[in-house]
Amino acid sequence: MLQEESDLSLIIAQIVQKLKGSNLYSQLERQAWGNWEKRILKSLNSMCTELSIPLARKRPVGEQKELLNKWNEMGTDEPDLSLFRPVYAPKDFLEVLINLRNPNYENGDSLSFRTHLGLIQVPLKVKDIPELKECFVELGLNTGQLGIDDSTQVPPELFENEHVRIGQKVLAEQDSAAAQQYIRQGSPTALRAELWALILNISSEPEDVLYYEQLKTNVIQHDLLVDSLIYKDVKLTASNDDYYFVFEDYLYQVLLCFSRDTSVLSHFAYNSASPPKSYIRGKLGLEEYAVFYPPNGVIPFHGFSMYVAPLCFLYHEPSKLYQIFREMYVRFFFRLHSISSHPSGIVSLCLLFETLLQTYLPQLFYHLREIGAQPLRISFKWMVRAFSGYLATDQLLLLWDRILGYNSLEILAVLAAAVFAFRAVNLMEVTSLAAAEAVLADLSTLKVMPLLQIFLFATVT
Amino acid sequence: MSRVLVPCHVKGTVALQVGDVRTSQGRPGVLVIDVTFPSVAPFELQEITFKNYYTAFLSIRVRQHTSAHTPAKWVTCLRDYCLMPDPHSEEGAQEYVSLFKHQMLCDMARVSELRLILRQPSPLWLSFTVEELQIYQQGPKSPSMTFPKWLSHPVPCEQPALLCEGLPDPSRVSSEVQQMWALTEMIRASHTSARIGRFDVDGCYDLNLLSYT
């Protein structure tokens, strides 16, 4: 991990001091993010110089042929990745978020009613349970859900058969808006791949396949430093996961192409981040030779490949898998690792989680805080990865159904709070952060929909 | 409808507070900003734009000249306009706002002075104000164009002369040609921002280190 963790708080505190009295909160947002970005760039540059590996290199023809031959089995490669380290991990990012401050906000040193008891100190507007109930009305107790009403004890005539029939009709009509409304109650496994493609407006036209092939050619022609980071990430995360290791080869095929895809740059129009820039060697400062690095502007972090892994269950054709992942990324996943005040941004999700816990489980929140186990420290990694790798895959896909249906990531924060509520009794008995982590280490047996339903609609407040 | 910026002089904010201003126990929750127009005669106000900075509610009073003989009166034209739906949270705190004359409670003719009353009841914020205040009056109306006679009174369609067999229908041909022409015009006019997808420069992607700017 990076060594400057303690320096970062100092740097950010200094920046905040300078900004005190200045006008713009958005300036702070940009400043904090700017410093964070700089840190990432520095890390990448230092890796480059220390290991004497260029950021990008054109492959010699022999190497290109070799790569083309083993394109479908890149997982069998065992390059030496020991010297590479992930650029950052979610917990580094959490430290940045914890230190976000608004210069116009009264943040006295002493605790007062103004201090937030959780880790996030930014006063963004988040929904409370009555508002969430209105927003997620289709998850209510009186509405049928896949994930609850399709369990073996419930006769399928009551809900499941009719739901499947409606799903087939929606697909036949190719109605994207209806699909989005339909999927709020969950998607039958057989229809899920097509429904998601319909909602995300992905159709496999020949030009899309051609575009993917073009990206593949780009991968073969140029070798990027970022590729090694991707390899390392896949080897560390997805390959070690019982559910996803079979898809290792697909992950390389998707992620390596993703790095070369310049169409992803367009999402920076609504992302507060900006893509890293560089110049062709020898042409420093000349704008005609300015390029983005990596070509898609996204530097992967530890766990990035887990955004792709669950999709491999649904799509087996690489170009379609690629398109679905790209669309999911530019619509949803990018918000999980960039700073913004958007309601689905990670800052709002963290604040929503902490507020829900504090309001509806005050004893648990107080207890965890007292023992030095701030709840966000445990749940942050779940939310940043959208629970991928923590839940069982069928449950994860039911959760992602709702993300698509409601076009919002707030459900991740609600689920995180619901998990804490579910394990509250055990958590009240722990006396340290490590013990709290242990109680919440294994989420693979959890059923997502009952948890959400109980937390939102069946808890006495 | 065009608008014209009116040069104005924005006086400094004055805090309204009960008791001694020096006591630090509470911050003022009401500020008043006076806006005068020293070099302009009373005008009809069209639009007010500003950038909010943590003000929750805004009221505006204008000094209006009703007729030549009566002295100018202060009239409230906007009362407690909500800029931040939740005064304790960030929503709406730094937004750009435009207010138009049709949103006002009275007509905005012959305005000579403006007074903005800002309220922020939440104690969480260290300061609040509005920035980049700009006042607009109605611009000159665009001159009405007279249409040439043949546009406003088109002649009735003439009957086309009978054609020999084998020739395509001229009206159909002309509409198709028109469509093609419209397409070419569109393509010429629109600069497509679709990326070709190349990330290298002339086949070269040999990079320096990443830039920090």
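Two helices count as oblique when the angle between them falls outside three ranges: under 35 degrees (roughly parallel), over 145 (roughly antiparallel) and 65 to 115 (roughly perpendicular). With that in hand, here are four close-up views of this predicted model.

**View 1. Helix 11 and helix 12 of chain A cross obliquely.** Start with helix 11, residues 248-259 of chain A, and helix 12, residues 318-331 of chain A, whose axes come within 10 Å and cross at roughly 55°. That angle lies in none of the three ranges, and therefore helix 11 of chain A and helix 12 of chain A are oblique to each other. The crossing of helix 11 of chain A past helix 12 of chain A is right-handed. On the helix 11 side, look for A:Tyr250, A:Gln253, A:Val254, A:Leu255, A:Cys257 and A:Phe258; facing them in the contact are A:Pro318, A:Leu321, A:Tyr322, A:Phe325, A:Arg326 and A:Tyr329 of helix 12. Sorted by class, this contact has 10 nonpolar residues, one polar and one charged.

**View 2. Helix 17 and helix 20 of chain A are roughly perpendicular.** Here helix 17 (residues 410-422) and helix 20 (residues 448-457) of chain A have axes that come within 9 Å and cross at roughly 85°. An angle from 65 to 115 degrees counts as roughly perpendicular, so that word describes helix 17 and helix 20 of chain A. Helix 17 brings A:Ile411, A:Val414, A:Leu415, A:Ala417, A:Ala418, A:Val419, A:Ala421 and A:Phe422 to the contact, and helix 20 brings A:Val448, A:Leu451, A:Leu452, A:Phe455 and A:Leu456. What classes of residue make up this contact of helix 17 with helix 20 of chain A? The count is 13 nonpolar, no polar and no charged.

**View 3. Four strands of chain B form an open sheet.** Follow the strands in the order 1-10-5-8, with antiparallel pairing. At the edges stand strand 1 (3-6) and strand 8 (96-100) of chain B; each has a single partner strand, so one side of each has no neighbour in the sheet. From one strand to the next, the twist averages 30°. Moving in on one edge, strand 1 of chain B pairs with strand 10 (residues 129-138) of chain B in the antiparallel sense over four bridges. To find your place in this pairing, pick out B:Val6, whose bridge partner in strand 10 is B:Ile135.

**View 4. An annotated stretch of chain A spans residues 186-407.** An unreviewed UniProt entry gives these residues the annotation "domain: Rab-GAP TBC". Over residues 186-407, chain A is 51% helix and 4% strand. The C-alpha atoms at the ends of this stretch of chain A are 14 Å apart.

Key. Residues numbered from 1 in each chain as written. Chains lettered and ligands numbered in written order. Predicted model: local features only at pLDDT ≥ 70, side-chain atom pairs only at ≥ 80, totals over all residues. Heavy atoms only, no water. Axes fitted to C-alpha atoms, helices over the stretch in contact; angles between N-to-C directions. Helix = DSSP H or I, 4+ residues; strand = E, 2+ residues; numbered from the N terminus. Left-handed = near helix turned anticlockwise from the far one by under 90°. Contact = heavy atoms within 4.5 Å. Nonpolar A, V, L, I, M, F, W, Y, C, P; charged D, E, K, R; others polar. Pairing = 2+ DSSP bridges. UniProt positions renumbered as here; feature names shortened; annotations may be inferred.
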